[in-house]
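Work through the exercises below with the structure open. Each task is followed by its solution in steps.

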Amino acid sequence: MTTIMEVANFFLQKTNHETETVISPLKLQKVCYYAQAWCLALNGVRLFDDEFVAWPHGPVNEDLYHKYKDYKWRPIDFPEDFDDSVLSLQERNYLNDVWELYGKYDAKYLEDLTHQELPWQEAREGYPEGHHCSVVIREETMRNYYRELLADG
């Protein structure tokens, strides 16, 4: 099974300052979240073995947060030493599809999008806006919610 760090590095390879394709920690969290969510919906299994919690700015993987927190809102550097062949061709194709869907949006848009969706809302239930919450977003809710979007689609 792949890791969230490999998935993150795959997305960070999309960084290109000349074309203004930059990825902040917030955006990275959201595209990794959507990669996991859609894998659960489409395949019924996790893409990677990590969880997301319902923080005030949307779904967050705490390991990913700690790795890139010093960037704050700034773009994360291109991962020079990452070899995407650690991912299967199928995984790379899938992640490219996720990037095509979500990579064009900025971090704030993606944050707002997750706030409109049941998985994050359910985990945040009972928490005032802006307050810290470390409730894990349930995979079952992610799988069912995004499958419903496909069915309605």
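**Exercise 1: a pair and a triple in one helix**

The side chains of Glu-111 and Lys-108 meet in a salt bridge, with 3.6 Å from N to O. Here a salt bridge is a side-chain nitrogen of Lys or Arg within 4 Å of a carboxyl oxygen of Asp or Glu. The model is a predicted one, in which local features need pLDDT of at least 70 and side-chain atom pairs count only at pLDDT 80 or more, while totals for chains, interfaces and linings use all residues. Residues are numbered from 1 along each chain as its sequence is written, and side-chain values use heavy atoms, with hydrogens and water left out.

Task: place Glu-111 and Lys-108 in the fold, give the accessibility of each, and find the salt bridge that Asp-112 forms with Lys-108.

Solution.

Step 1. Glu-111 and Lys-108 are three residues apart in helix α5, so about one helical turn separates them. Helices (H or I, at least four residues) and strands (E, at least two) are DSSP runs, numbered from the N terminus.

Step 2. Glu-111 is buried, at a relative accessible area of 5%, whereas Lys-108 is partly exposed at 46%. Buried means under 20% relative accessible area, exposed over 50%, and partly exposed in between, with a 1.4 Å probe and protein chains only.

Step 3. Lys-108 also forms a salt bridge with Asp-112, the closest N and O atoms being 3.2 Å apart. Asp-112 and Lys-108 lie four residues apart in helix α5, about one turn of the helix. Asp-112 is partly exposed, with a relative accessible area of 32%.

**Exercise 2: a pair across the sequence**

Task: state how many salt bridges the structure holds, and describe the one between Arg-46 and Glu-139.

Solution.

Step 1. The structure holds six salt bridges.

Step 2. In one of them, the side chains of Arg-46 and Glu-139 meet at 2.3 Å, N to O. Arg-46 lies in the loop between α2 and β1 and Glu-139 in helix α7, so this pair ties together parts that are 93 residues apart in sequence.

Step 3. Both partners are partly exposed: Arg-46 has a relative accessible area of 24%, and Glu-139 has 23%.

**Exercise 3: the cavity**

Task: which residues line the largest cavity, and what is its volume?

Solution.

Step 1. The structure holds one cavity of 30 Å³ or more. On a 1 Å grid over the protein atoms alone, a cavity is a set of points where a 1.4 Å probe fits but cannot get out; a pocket is an open set with protein on both sides within 12 Å along at least five of seven lines; lining residues have an atom within 4 Å of a point.

Step 2. The volume of the largest cavity is about 40 Å³, a volume being the space filled by probe spheres set on the points, which are joined across faces, edges and corners.

Step 3. Its lining consists of Gln-36, Leu-40, Asp-50, Glu-51, Phe-52, Val-136, Ile-137, Glu-139 and Met-142. Helices α2 and α7 each supply at least two of the lining residues.

Step 4. By type, the lining holds five nonpolar, one polar and three charged residues. Ala, Val, Leu, Ile, Met, Phe, Trp, Tyr, Cys and Pro count as nonpolar, Asp, Glu, Lys and Arg as charged, and the others, Gly among them, as polar.

**Exercise 4: the pocket**

Task: which residues are closest to the centre of the largest pocket, and which element gives the largest share of its lining?

Solution.

Step 1. The largest pocket holds about 350 Å³ of space. Among its 17 lining residues, Pro-25, Trp-55, Tyr-65, Lys-72 and Trp-73 are the closest to the centre.

Step 2. α2 (25–43) and α3 (62–68) each supply at least two lining residues. The largest share, four residues, comes from α2.

Step 3. The pocket lining divides into eleven nonpolar, three polar and three charged residues.

**Exercise 5: contacts of Gly-44**

Task: locate Gly-44 and list its contacts beyond four places in sequence.

Solution.

Step 1. Gly-44 sits in the loop between α2 and β1 (53–55) and is partly exposed, with a relative accessible area of 29%.

Step 2. Leaving aside neighbours within four places in sequence, Gly-44 is in contact (heavy atoms within 4.5 Å) with Cys-39, Arg-143 and Arg-147.
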